[in-house]
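Subject: Structure for your review

Dear colleague,

Please find below the structure that I am handing over to you. I would be grateful if you kept it open while reading the notes that come after it.

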Amino acid sequence: MSDAHKELEEILKISLPENLVEEVIKVEEGHFDVLTAINTAYDLMKILHGDAGIYHLSTITGIERKKEFQVCYHLQHRIEEEFREVPINFIVTKIDKGNPKTPSMVDLYVSADYYEREIYDFFGIYFENHPFLQRLILPEKWPDDVRPMRKEYSWEQLKEITLNMARQISEDD
Amino acid sequence: MTEFRSRFRTLVDGSDAPPNAEHHIFIGPQHPWAEEPAHFIIHVKGERVVEADIRIGYNLRGLEKAMEAKTWRQNTMLIPRACGICSAVHQNVYVRVVERLAGVEDQISERAKLIRMFSLEAERVHSHILWYGILAHDTGFDTMLHISWRDREMIMDIVEDISGNRVNPALMLPGGVKRDIPKEKGDRARPLIDELIKKVEYHKKVFTEEISIRNRLENVGVLTKEDAKKTTPNGPTGRGSGLPFDIRKSYPYELYDKIDWNLVYYNEGDILATTLVRIDETLESLQMLIQILDQLETTQGELLVRVKPRIAEGKYMTRAEAPRGEDLHYGIANGTDKPERYKIRAPSLGNIDATLKRMDGEYIADIPVILRSYDPCFSCTNRVMIINDKTGEKLIINQDEFARKAIKAKKYNRPFL
């Protein structure tokens, strides 16, 4: 167990089982990265939400790496007596690029709903057990297979797709 | 209202409306009430709101994607465009991400940090005054709108004096700041700040003692602390509901831990509490501006440290307290001069859920006030004033008339008036 892992456990006043955690990295004083795999992510989040009482989810970031997708939940552990917050970046690693799937955290965080849908929109990462995984931000007529934030689409290509879509809509009208 | 779920869920055909709703009010995407193109769907029964919903995505500009195609240095000037009113705070978070990734965050001088803080606090003041002016307009108290916006010009003049721009000061660069605030500019600002403190104290008196405005705000749209914990609002929306978290206090950045100021929060949870949070914060920010000017007189230091264009591999998340709440940026560098991924979470998105929750069971007449409470942007530019420079005669015309006159003038080749 690394020093950062112990320090985070002390701050949260719980024990984080080592088989659920891939790695804990201390970014700076009172700011941690927690890395975990897809099959352990939900259980670990349940511990953080239930036992540690972390209720604030700031946002979720979708990340495309060379060989994998990652999803980063930006949590804030709030200590009300000290008016202090401990940011925790909860990163789900090794999401397969061919078949991107990761557990949804909607049961635990209400706000995960629209942040996850945003990532589904932009990256095409499928959140399992999400009750309403539908388009949030992209236009209704946007082609389903184009996930604009993926690296395979350049700025110029997206411009062309947008213009084609607009042309199509005006012709249909 | 049956189960606790996020909003953002109405389908295009409205087929998932709550069963006990009788009518559905559609507001937007284009509506004179709001500048931001958002589509609100309000399900009502009689005079009461059953549930409110929203559809977003009408203003996607692809800023995050655009940033991946530009260099870290170019992005410094792209990032303030994320928001029209709180541009400085976006730039501040961005430069702190870049400094940390480039490893120069310890070399930034105190003077540069103070100048950044001056810009941030001035922005908070003008954003809050703008907001409660419009709130007064929504409650039907237009006198207060004009009074507060007249007084807001003082802080706008200060911002213009120190930066050259009214709403986009763009003072910050990775490594420090672009411009200094010399002593004479500070001296010019001091009397204006003192004057503005008196004016804002008067505004507070109006909001707390004037019965007509108080009745529109008190016990309207109450968001309890339990509901706030579930819907995760941030910034003044959360602080009005008893969540005492301000990133300047809870995770200090720049020099906020070395300056005297009080955390403002209220426990009532209604719109009046949110308003008072903002007014009190304006007063706090104004006294901070004076402290910053005092400290600037004695603090010297390098304004700008060199940051290399190529940024080593790494990732960093940081936040700042924008006027509307928590502004979160997450930057990932890959060793080149361009970002691998850059995520921006502006505060308003996190506040929409809580604001729509406030509406359950409220009157239709309170909808504008409640929707305004999380501080969306505003447009009131459908009129224009023309002053004849020879006679000094003033003429106010609306947009249609302006267009008609312009077309006539072009067509018949004659003067505009």
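The notes below take chain A first and then the helix pairs of chain B. Please bear in mind that this is a predicted model.

Chain A

Chain A contains four helices and seven strands. Along the sequence, these elements come in the order α-β-β-α-β-β-β-β-α-β-α. Measured out along the principal axes, the box filled by the C-alpha atoms of chain A is roughly 60 × 35 × 30 Å. Of the 173 residues in chain A, 36% are buried. Where contacts in chain A join residues at least 6 apart in sequence, 48% of them link residues at least 24 apart.

Helix 4 of chain A, residues 155-172, can be checked with simple arithmetic. At 1.5 Å a residue, its 18 residues should span 26 Å, and the C-alpha atoms at its ends are indeed 26 Å apart, so the two values agree. Is this helix buried or in the open? The number of buried residues among its 18 is zero, and helix 4 of chain A therefore lies largely in the open.

Helix pairs in chain B

Two packed helices are described by the angle between their axes and the distance between the axes. Two pairs in chain B may be read in this way.

The first pair to consider joins helix 4 (residues 110-138) of chain B and helix 11 (residues 271-298) of chain B, which pack at about 155° with their axes 9 Å apart. Because angles over 145 degrees count as roughly antiparallel, helix 4 of chain B is roughly antiparallel to helix 11 of chain B. Their crossing is left-handed. The residues in this contact comprise 15 nonpolar, five polar and five charged.

The other pair is helix 5 (residues 142-163) of chain B with helix 6 (residues 183-209) of chain B; here the angle is about 160° and the axes lie 10 Å apart. These two helices are thus also roughly antiparallel, and they cross in a left-handed manner. Which residues of helix 5 of chain B make the contact? Among them are Met144(B), Ser148(B), Asp151(B) and Ile155(B). From helix 6 of chain B, the contributors include Lys185(B), Arg188(B), Leu192(B) and Glu195(B). By class, this contact has nine nonpolar, two polar and seven charged residues.

Yours sincerely,
A colleague

Conventions. Residues numbered from 1 in each chain as written. Chains lettered and ligands numbered in written order. Predicted model: local features only at pLDDT ≥ 70, side-chain atom pairs only at ≥ 80, totals over all residues. Expected span 1.5 Å × (residues − 1). Buried ≥ 20, exposed ≤ 12 C-beta atoms within 10 Å, placed from the backbone. Axes fitted to C-alpha atoms, helices over the stretch in contact; angles between N-to-C directions. Parallel < 35°, antiparallel > 145°, perpendicular 65-115°, else oblique. Left-handed = near helix turned anticlockwise from the far one by under 90°. Nonpolar A, V, L, I, M, F, W, Y, C, P; charged D, E, K, R; others polar. Contact = placed C-beta atoms within 7 Å.
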